[in-house]
Amino acid sequence: MKEIILSLAVFMAFFTQSRGDVIKQPNVAGSFYSADPKELAASIDYFKQTAGPVLTDHKVLIAIAPHAGYPFSGPVAAYTFKAISGIPYKTIVIIAPSHFFPFEGISVWPQGGFKTPLGILNVDEDFAQALLKENPKFQFLPKVYEQEHAVEVELPFLQKTFGNIRIVPILMGNPDPEVARSLAVALDKLIASRDNVLILISSDMSHYYPYDVANQMDALTLQAIQEIDPKKFFEGCVAHKMEMCGFMPVTTALIYAKLRGIQHVEVLKHANSGDTSGDKSKVVGYSSVIFYNDDNLNDSAKKELLSLARRTIESFVKTGKAPPITIKDTRLNQVQGAFVTIRKHGQLRGCVGSVVAQEPLYQTIKDMAIAASRDPRFKPLTVAELKDMDLEISVLSVPERIKDISEIQLGKHGVIVAQGDHEGVFLPQVADETGWSKQEFLSQLCSQKAGLPPDAWKDPKTTMYVFTADVFTEK
């Protein structure tokens, strides 16, 4: 009984109850960063203003930021938060190492919020509770948060960047690649097709080596991270050839990146405490790293879309209903126009699309696949024809208005003509398939597709737009 009372006293010492919610009190306010809200906000603003230019035109899915005292690591951390600012995340999953208490598995903070001098960040309780159910080694161990700073140090930066965003704090224990894999798999499952979740890894790099030695070791570590090689990274850290205090969280991130098909890693900034303090005898390394996918579709995404289109058509033709779908590649959540083309023995059997979409790409493909199977120019596709069906998908860029037909490049550009209620579109591949000249292409577009006179493209009242298409087939 005495032990239970003591444990409860320790537990209550580092959080308080507010409106029924468990609020974690800060551990390092006044030491790692200022406890004064105005000073704290001003310091973060300064770090972000003085950070160099960063990539801002990609959706960052994973980021790494350091967690030392702000005078040392703040100038590097600012690069990470500058790169992710403006992205409409709803949940930030913060994965950090446990510095003071060894344990097996992971500890997920399940409810309430974390307090800093800038206010309270609420926990995404639905996500946290769902994660705890995924594995017996996923638990809530309040003791490991008693002195820990690795989650907390990221929070004021998050508050200044996003305001009151929801968080999922996770501390990882003893090195175990299976735990890292289990966490990565669970995150992949829970995040699924959501594109508004960021995985934020809190980690410093090499500790207490001479300046040049630290830089050499950090270079090897960052190389393994950029290669998205979890095995090389984990084994390098275990062998002390590489070093990160958060090598379990980073290993998890690299496995997660593999599962999600993430292809690009950018090291935004690397430095160490010798660069900020001037003492280069024993330094600590810091890095700012982001993981993202290119806006172009990779081969995996293309295969996923073709599979989605085929499964949708087969299910709809057989049952009249579309199948349930789960999309893993967050790139497919981007709102984008697309066409689905059905061919039978090389002959057109249906082609329907949306040039300007209002839905995520995967949903556009699903809708257009159904529409193509019922293209009004043909009889509805039958079950007997499914075995002879070949599919082609064209994913479109945003149309741009042109002033003169000299801007049209046949074979590269699709073209839209519009006049009043009349509108027509040809995909880029039409020019290659027909061999038409530019004038023939435009005349056929006006007459066949828009219901206008063949020479309507010459009329000043006709507007024209061009777009490009990423075209891919099952063969």
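Strands, in this document, are DSSP runs of at least two residues, numbered from the N terminus. Two strands pair if DSSP finds at least two bridges between them. The model is predicted.

## Exercise 1: Get the overall picture

Task: State how many helices and strands the protein chain has, and what share of its residues is buried.

Solution.
- Step 1. Count the elements. The protein chain holds 14 helices and 21 strands.
- Step 2. Look at the extent. Along the principal axes, the C-alpha atoms fill a box of roughly 85 × 50 × 45 Å.
- Step 3. Look at burial. The chain has 475 residues, and 52% of them count as buried.

## Exercise 2: Read a hairpin

Task: Find the sense in which β14 and β15 pair, then say which residue of their hairpin takes a positive phi.

Solution.
- Step 1. Locate the strands. β14 covers residues 338-344 and β15 covers residues 347-354.
- Step 2. Read the pairing. The sense is antiparallel, over seven bridges.
- Step 3. Pick one bridge. V340 has V352 in β15 as its partner.
- Step 4. Go to the turn. Two residues lie between the strands of this hairpin, and H345 has a positive phi near 55°.
- Step 5. Check the residue type. H345 is a residue other than glycine with a positive phi.
- Step 6. Check its surroundings. H345 lies in the loop between β14 and β15. Its relative accessible area is 59%, so H345 is exposed.

## Exercise 3: Place strand β9

Task: Decide whether strand β9 is largely enclosed or open, and name strands that pair with it.

Solution.
- Step 1. Count buried residues. Strand β9 spans residues 166-172, and six of its seven residues are buried.
- Step 2. Conclude. The strand is therefore largely enclosed by the rest of the structure.
- Step 3. Take β4. It pairs with β9 in the parallel sense, over seven bridges. I92 has I167 in β9 as its bridge partner.
- Step 4. Take β5, residues 106-108. It pairs with β9 in the antiparallel sense, over three bridges. Here I106 stands opposite M172 in β9.

## Exercise 4: Classify aromatic pairs

Task: Classify the pairs Y70 with F157 and Y89 with F162 as stacked, tilted or edge-to-face.

Solution.
- Step 1. Recall what is needed. A pair of aromatic rings is described by the distance of the centres and the angle of the planes. Planes under 30 degrees apart count as stacked, over 60 as edge-to-face and the rest as tilted.
- Step 2. Survey the structure. A search of the whole structure gives 15 aromatic pairs.
- Step 3. Take Y70 and F157. Their centres are 5.1 Å apart, with 55° between the planes, and the pair is tilted.
- Step 4. Trace the chain. Y70 is in helix α3 (residues 70-84) and F157 is in helix α5 (residues 155-162). They are 87 residues apart, so to speak a link between distant parts of the chain.- Step 5. Check burial. Both Y70 and F157 are buried.
- Step 6. Take Y89 and F162. The centres are 5.7 Å apart and the planes stand at 80°, so this pair is edge-to-face.
- Step 7. Trace the chain again. Y89 is in the loop between α3 and β4, F162 is in helix α5, and 73 residues separate them.
- Step 8. Check Y89. Its relative accessibility is 7%, so Y89 counts as buried.
- Step 9. Widen the view. Y70 and F157 belong to one aromatic cluster with Y33, Y46, F47 and F81.

## Exercise 5: Find a charge over a ring

Task: Name the residue whose charged end sits over the ring of Y211.

Solution.
- Step 1. Find the charge. The residue is K280.
- Step 2. Give the distance. The charged end of K280 is 4.3 Å from the centre of the Y211 ring.

## Exercise 6: Describe the largest pocket

Task: Give the volume of the largest pocket and describe its lining.

Solution.
- Step 1. Take the volume. The largest pocket holds about 580 Å³ of space.
- Step 2. Find the centre. The pocket has 22 lining residues, and L348, C351, R377, F426 and K449 are the closest to its centre.
- Step 3. Name the elements. β14, β15, β19 (422-426), α13 (429-434) and α14 (438-449) each supply at least two lining residues.
- Step 4. Sort the lining. Eleven residues are nonpolar, five are polar and six are charged.

## Exercise 7: Describe the second largest pocket

Task: Do the same for the second largest pocket, then look at Y208 in its lining.

Solution.
- Step 1. Take the volume. About 230 Å³ of space lies in this pocket.
- Step 2. Find the centre. Of its 15 lining residues, A68, D204, Y208, V284 and Y286 are the closest to the centre.
- Step 3. Name the elements. β11, α10 (273-277) and β13 (283-292) give two or more residues each.
- Step 4. Sort the lining. Six residues are nonpolar, six are polar and three are charged.
- Step 5. Turn to Y208. Its place is in strand β11, residues 207-209. Y208 is not a glycine, but has a positive phi of about 65°.
- Step 6. Check exposure. The relative accessibility of Y208 is 55%, so Y208 counts as exposed.

Definitions and conventions
Residues numbered from 1 in each chain as written. Predicted model: local features only at pLDDT ≥ 70, side-chain atom pairs only at ≥ 80, totals over all residues. Heavy atoms only, no water. Helix = DSSP H or I, 4+ residues; strand = E, 2+ residues; numbered from the N terminus. Phe/Tyr/Trp six-rings, centres within 6.5 Å; stacked < 30°, edge-to-face > 60°. Buried < 20%, exposed > 50% of the residue type's maximum accessible area, 1.4 Å probe, protein only. Lys NZ or Arg CZ within 6 Å of the ring centre and 35° of its normal. 1 Å grid on protein atoms, 1.4 Å probe; cavity = no way out; pocket = protein on both sides within 12 Å on 5 of 7 lines; lining within 4 Å. Points joined across faces, edges and corners; volume = space filled by probe spheres on them. Nonpolar A, V, L, I, M, F, W, Y, C, P; charged D, E, K, R; others polar.
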